[in-house]
Amino acid sequence: MPMLHSCSYTGCEILTLSPYCFEHERVVRSEVEAERTHTAARDEPTARELAAAVQPAT
Ligand SMILES: [Zn+2]
């Protein structure tokens, strides 16, 4: 039996069966899609990868 719980989005307490409420699921999904599109469109290291590369290799 599915259990209702509050949305995982910070500060959101809407009860849902999904990780996020309907509204925030759309928000999170669009963010993921945007990042995926951005990464696929530009074959360059991400800011996180650049930051990692900058750190000294000790
Ligand atoms: Zn929410």
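This tour moves from the whole chain to its elements and then to two single residues.

**The whole chain.** Begin with the entire protein chain displayed, bearing in mind that this is a predicted model. The protein chain holds two helices and two strands, and if you trace it along the sequence you will meet them in the pattern β-β-α-α. Should you colour by confidence, the average pLDDT of the protein chain is 85, with 90% of the residues scoring at least 70. Should you colour by burial instead, buried residues account for 0% of the 58 residues.

**Confidence by element.** Select residues 15–16 next, which form strand 2 and carry the highest mean pLDDT among the elements, at 96. Then move to residues 47–54, which form helix 2, where the mean pLDDT is the lowest among the elements, at 76.

**Helix 1.** Now select residues 22–41, the 20 residues that make up helix 1. If you put a distance label between the C-alpha atoms at its two ends, the value is 28 Å, which agrees with the 28 Å expected for a helix of 20 residues at 1.5 Å a residue. The number of buried residues in helix 1 is zero, so this helix lies largely in the open. While you look along it, recall that an α-helix has 3.6 residues a turn, so residues three or four places apart point the same way.

**Glu23.** Within helix 1, pick Glu23. Glu23 has 13 C-beta neighbours inside 10 Å and therefore counts as partly exposed, since a residue is exposed at 12 or fewer and buried at 20 or more. Add Cys7 to the selection: Cys7 and Glu23 are separated by 16 residues in sequence, and their C-alpha atoms lie 9.7 Å apart in space.

**Thr16.** Finish by returning to strand 2, where Thr16 is found. Thr16 has 18 other C-beta atoms within 10 Å, and it is therefore partly exposed. Show its contacts beyond four places in sequence, and you will find that Thr16 touches Leu4, His5, Cys7 and Cys21. Of these, His5 can be labelled by distance, as its C-alpha atom is 5.6 Å from that of Thr16 although the two residues are eleven apart in sequence. Cys7, which you selected together with Glu23, appears again here as a residue touched by Thr16.

Technical notes:
Residues numbered from 1 in each chain as written. Predicted model: local features only at pLDDT ≥ 70, side-chain atom pairs only at ≥ 80, totals over all residues. Helix = DSSP H or I, 4+ residues; strand = E, 2+ residues; numbered from the N terminus. Expected span 1.5 Å × (residues − 1). pLDDT = per-residue confidence, 0-100. Contact = placed C-beta atoms within 7 Å.
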